[in-house]
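Here is a short walk through one protein model, taking its internal space and then one side chain. Please keep the sequence and the structure at hand while reading.

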Amino acid sequence: MATPLYLPVILGTPRQGRRSEHAARFVLEQTQKRAGVETELIDVRELPLAFNDAGEQIKIPAFSDQMKRCDGLIIVTPEYNHGYPGLLKHALDTNLEEYIHKAVGICGVSAGSFGGTRVIEHLLPVMRELGLVTIFTDVNFGKVQDVFDEHGGLRDESFVRRVNGFLDELIWMARVLRHGRENIPPA
Ligand SMILES: Cc1cc2nc3c(=O)[nH]c(=O)nc-3n(C[C@H](O)[C@H](O)[C@H](O)COP(=O)(O)O)c2cc1C
């Protein structure tokens, strides 16, 4: 039996009352159902981040180990003024080599109807600079207040299909890249 893929879900905002948490927990739940995949929630609110420096100088050993172990990342992020939360970027910047040649998929969350398409577009060049390999399927939790009730219960069942299509693609890419990392020496 191959080692399970490890695909943690990063929740990208610390905001009180964040609806992105409903989306992240739902994506986590769907990922947990996949055979041969291990996952867990990484909440930026819980990371002991320093603010007197940036980048690898403030690496958090436990987070760095999770990034080293992972075969891919699922980022669930709200759109804040068409961009990504500063804390998400601050956390991601603490690692670099850990991410190289690993898959990443992004789920955007917004109160507006575009479902975080703009934050996803803005994150793509960041992902590339970190060495991550993006998939071409996203999940857009638009009008998130209509997708989940206030307790995080799913109101819109179409998201089961959408998240599973996203996971199909991410798992495929994570498998391909793991095969490459393990079998094809870098040029
Ligand atoms: C600082 C800030 C900026 C925001 N900017 C946008 C935006 O550009 N577009 C949008 O659709 N919603 C915007 N929103 C609303 C969020 O999309 C909304 O709060 C949604 O529930 C997802 O964010 P949350 O996880 O913080 O709840 C913004 C919210 C905050 C707190």
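A cavity, as the word is used here, is a set of grid points where a 1.4 Å probe fits but cannot get out. Its volume is the space filled by probe spheres set on those points. The model to which this is applied is a predicted one.

By this rule there is 1 cavity of 30 Å³ or more. The largest cavity has a volume of about 40 Å³. Its lining consists of Val104, Gly105, Ile106, Ile120, Leu124, Thr134, Ile135, Thr137 and Asp138. Two elements, strand 6 (102-109) and helix 4 (117-130), each supply at least two residues of that lining. Strand 6 gives the most, with 3 residues. Sorted by character, the lining has 5 nonpolar, 3 polar and 1 charged residues. Gly is counted as polar in this division.

The second stop is Arg178, a residue of helix 6, which covers residues 158-183. Is Arg178 buried or exposed? Because its relative accessible area is 13%, and buried means under 20%, Arg178 is classed as buried. Its side chain reaches the backbone oxygen of Thr3 at 2.7 Å. This pair falls within the 3.5 Å limit for a polar contact. Leaving aside residues up to four places away in sequence, Arg178 touches Ala2, Thr3, Pro4, Leu5 and Asp71. Thr3 thus appears both in this list of contacts and as the residue whose backbone oxygen the Arg178 side chain reaches.

Conventions: Residues are numbered from 1 along each chain as its sequence is written. This is a predicted model: local features need pLDDT of at least 70, side-chain atom pairs count only at pLDDT 80 or more; totals for chains, interfaces and linings use all residues. Side-chain values use heavy atoms; hydrogens and water are left out. Helices (H or I, at least four residues) and strands (E, at least two) are DSSP runs, numbered from the N terminus. Buried means under 20% relative accessible area, exposed over 50%, partly exposed in between (1.4 Å probe, protein chains only). A polar contact is a pair of N or O atoms within 3.5 Å; within protein, one must be able to donate a hydrogen and the other to accept it, and residues adjacent in sequence count only if both atoms are side-chain atoms. Contact means heavy atoms within 4.5 Å. On a 1 Å grid over the protein atoms alone, a cavity is a set of points where a 1.4 Å probe fits but cannot get out, and a pocket is an open set with protein on both sides within 12 Å along at least five of seven lines; lining residues have an atom within 4 Å of a point.
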